[in-house]
Amino acid sequence: MSLINKEIADFSAQAFIKAAGAEKGKFKTITKADLLDKWSVLFFYPADFTFICPTELEDLANLYEKFQNIGCEIYSVSCDTHFVHKAWHENSTKVGRITYPMLADPTAALARDLDVYIEADGMAERGTFIINPKGRVAAYEVNAGNVGRNADELLRKVEALQFVAKHGDEVCPAKWQPGDETLKPSIDLVGLL
Amino acid sequence: MIGESFIPQSFHPQLAQVFARFEHPVRIVTHYDQSDLGKDLQKFSSELAALTDKIAISLKEAADIPGMELFFHDGRAAGIIYHALPNGQEFNSFIAALYNIAGPGKVIDVEAEKKAKTITSKKAIKIIVTLSCHNCPVVVQAMQRMASLNDNISVEIFDYAHFADLKDKYDLKGVPCCIINEEDERKFIYGKKEFSELLAELLDIK
């Protein structure tokens with residue numbers, strides 16, 4: 001069943017955050033309320049201290065400022081604890097560059113809610129969820145195994161979703177292919193004279 | 001469309017009613033080239049001018065891209081150029097543009113008209129449309145009405161079908177898309193907006 005438009009469940013999770021320029025990181029409680037009234041990305045990955053995860057998390061870190069500029073918060077999420085996030089952040093050069101909140105989901109409440117929890121492994125699939133300001137899933141993708149994700153494409157998707165949310169049915173797609181039938185004129189001059 | 005008639009016979013009576021109300025004649029300068037659009041514009045403007053003596057056309061080889069440029073009876077440029085064959089949803093817009101510059105023009109709110117005339121700095125507006133977009137004519141008609149009222153406002157209408165490169169150039173996300181003063185503020189306005197909303201957007205640019 002599609003998760004599009006699903007409202008995320010209430011949650012409370014610990015996050016490790018080391019803001020840009022901060023000397024030390026800190027722990028902070030994040031709840032569903034933090035995700036409301038703005039755009040958010042929940043970026044699940046299997047586990048800390050794995051190989052592919054830091055590369056895609058670093059990719060995301062490099063674009064974090066751009067996400068912030070368009071009013072979108074990034075949350076990486078794994079089923080590790082916030083203490084493990086801290087240890088990884090302090091021990092990996094790539095992960096050490098992350099300035100967005102790293103959410104801990106050791107009870108898998110978030111991963112289960114969004115159906116990316118692998119029960120047998122106790123880890124999350126590589127799922128990316130774009131959450132709209134009403135706390136609902138606006139777009140998502142789940143990749144099998146070690147297929148990494150593209151932060152540029154994620155940024156484009158968030159921008160596109162924001163655009164559609166803002167302009168709704170006021171716009172039409174800019175789409176035309178060579179060979180499309182030429183449109184006939186229609187006349188309706190009522191209201192002109 | 002080359003070979004077929006652009007303006008169906010069934011449209012002629014309604015168009016005659018509009019042309020009969022023109023207070024002044026208008027001139028269309030058609031900038032043509034050998035592209036499909038250039039050839040179509042040449043044929044369309046000739047067909048239209050053949051319907052009435054209130055419309056005169058001049059043909060001019062396009063220096064850059066093809067388009068139909070509209071002029072008041074006194075020779076002043078109206079600041080309206082169609083880089084689009086006014087088919088589909090835009091046929092009515094084009095007839096409205098002619099009526100606006102021929103006078104008396106489409107009646108609009110008196111206060112809005114006064115405000116539109118108060119704009120004293122240049123507003124060069126590009127509008128990107130598709131001929132199948134039902135939201136586009138609302139914006140095109142409002143912007144060109146403002147251009148007909150104020151020499152500081154100019155409007156160029158581009159049919160995306162012939163200028164698909166604009167999608168990448170402006171990172172176009174949909175139509176209608178207005179780009180105001182590309183060289184300076186480069187303000188983008190997306191979506192269907194009424195005259196008063198668009199006027200407020202223009203007045204907002206200092």
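Biologist: What percentage of the 193 residues in chain A is buried?

Modeller: The model is predicted, so local features need pLDDT of at least 70 and side-chain atom pairs count only at pLDDT 80 or more, while totals for chains, interfaces and linings use all residues. Residues are numbered from 1 along each chain as its sequence is written, chains are lettered from A and ligands numbered from 1 in the order in which they are written, and side-chain values use heavy atoms, leaving out hydrogens and water. Buried means under 20% relative accessible area, exposed over 50% and partly exposed in between, with a 1.4 Å probe and protein chains only. Of the 193 residues in chain A, the buried part is 45%.

Biologist: How many helices and strands does chain A have?

Modeller: Elements are DSSP runs numbered from the N terminus: helices are H or I with at least four residues, strands are E with at least two. For chain A the count is six helices and nine strands.

Biologist: What does the C-alpha trace of chain A span along its principal axes?

Modeller: The chain has six helices and nine strands. Along the principal axes, its C-alpha trace covers about 70 × 40 × 35 Å.

Biologist: Among contacts in chain A between residues at least 6 apart in sequence, what percentage joins residues at least 24 apart?

Modeller: A contact means heavy atoms within 4.5 Å. With pairs at least 6 apart in sequence as the base, the part that joins residues at least 24 apart is 70%.

Biologist: In which strand of chain A does Thr128(A) lie, and which side chain makes a polar contact with it?

Modeller: Thr128(A) sits in strand 8, residues 126-131. Thr128(A) has a relative accessible area of 3%, so it is buried. Beyond four places in sequence, it touches residues including Val41(A), Phe43(A), Tyr140(A) and Leu154(A). A polar contact is a pair of N or O atoms within 3.5 Å (within protein, one able to donate a hydrogen and the other to accept it; residues adjacent in sequence count only if both atoms are side-chain atoms), and here, at 3.0 Å, the partner of strand 8's Thr128(A) is Arg149(A).

Biologist: What kind of aromatic pair do Tyr64(A) and Tyr100(A) form?

Modeller: Rings of Phe, Tyr and Trp (its six-membered ring) pair if their centres lie within 6.5 Å; planes under 30 degrees apart are stacked, over 60 edge-to-face and the rest tilted. The structure holds 18 such pairs over all chains. For Tyr64(A) and Tyr100(A), 5.5 Å centre to centre and 75° between the planes make the pair edge-to-face.

Biologist: How many residues apart in sequence are the parts that this pair ties together?

Modeller: Both Tyr64(A) and Tyr100(A) are buried. Tyr64(A) is in helix 3 (64-69), and Tyr100(A) is in the loop between helix 4 (82-91) and strand 5 (102-104), so the separation in sequence is 36 residues.

Biologist: Which kind of pair do the rings of Phe44(B) and Phe91(B) form?

Modeller: Phe44(B) is buried, because its relative accessibility is 0%. Phe91(B) is buried as well, also at 0%. Their ring centres are 6.4 Å apart with planes at 90°, so the pair is edge-to-face.

Biologist: Which residues make up the ring cluster that includes Phe44(B) and Phe91(B)?

Modeller: Phe44(B) belongs to helix 2 (36-49) and Phe91(B) to helix 3 (91-102), 47 residues apart. Ring pairs link these two into a cluster, whose members are Phe6(B), Phe11(B), Phe44(B), Tyr82(B), Phe91(B) and Phe94(B).

Biologist: Which residues does Leu59(B) contact beyond four places in sequence?

Modeller: Leu59(B) is in strand 2 (55-61) of chain B. Its 42% relative accessibility means that it counts as partly exposed. Its C-alpha is 22 Å from that of Phe22(B), 37 residues away along the chain. Its contacts are Thr30(B), Tyr32(B) and Gln42(B).

Biologist: Which prolines of chain B follow a cis peptide bond?

Modeller: Most peptide bonds are trans. The bond from Gly103(B) is cis, in front of a proline in the loop between helix 3 and helix 4 (110-117). The bond from Val175(B) is cis too, with its proline in the loop between helix 6 (165-169) and strand 7 (177-180). The two prolines are Pro104(B) and Pro176(B).

Biologist: Is Asp115(A) buried or exposed?

Modeller: Phi of Asp115(A) is near 60°, a positive value. The residue is in the loop between helix 5 (109-113) and strand 6 (117-118). At 63% relative accessibility, Asp115(A) counts as exposed.

Biologist: What is the phi of Arg186(B)?

Modeller: Arg186(B) is in the loop between strand 7 and strand 8 (187-190). At 34% relative accessibility, it counts as partly exposed. Arg186(B) is not a glycine, yet its phi is positive, at about 50°.
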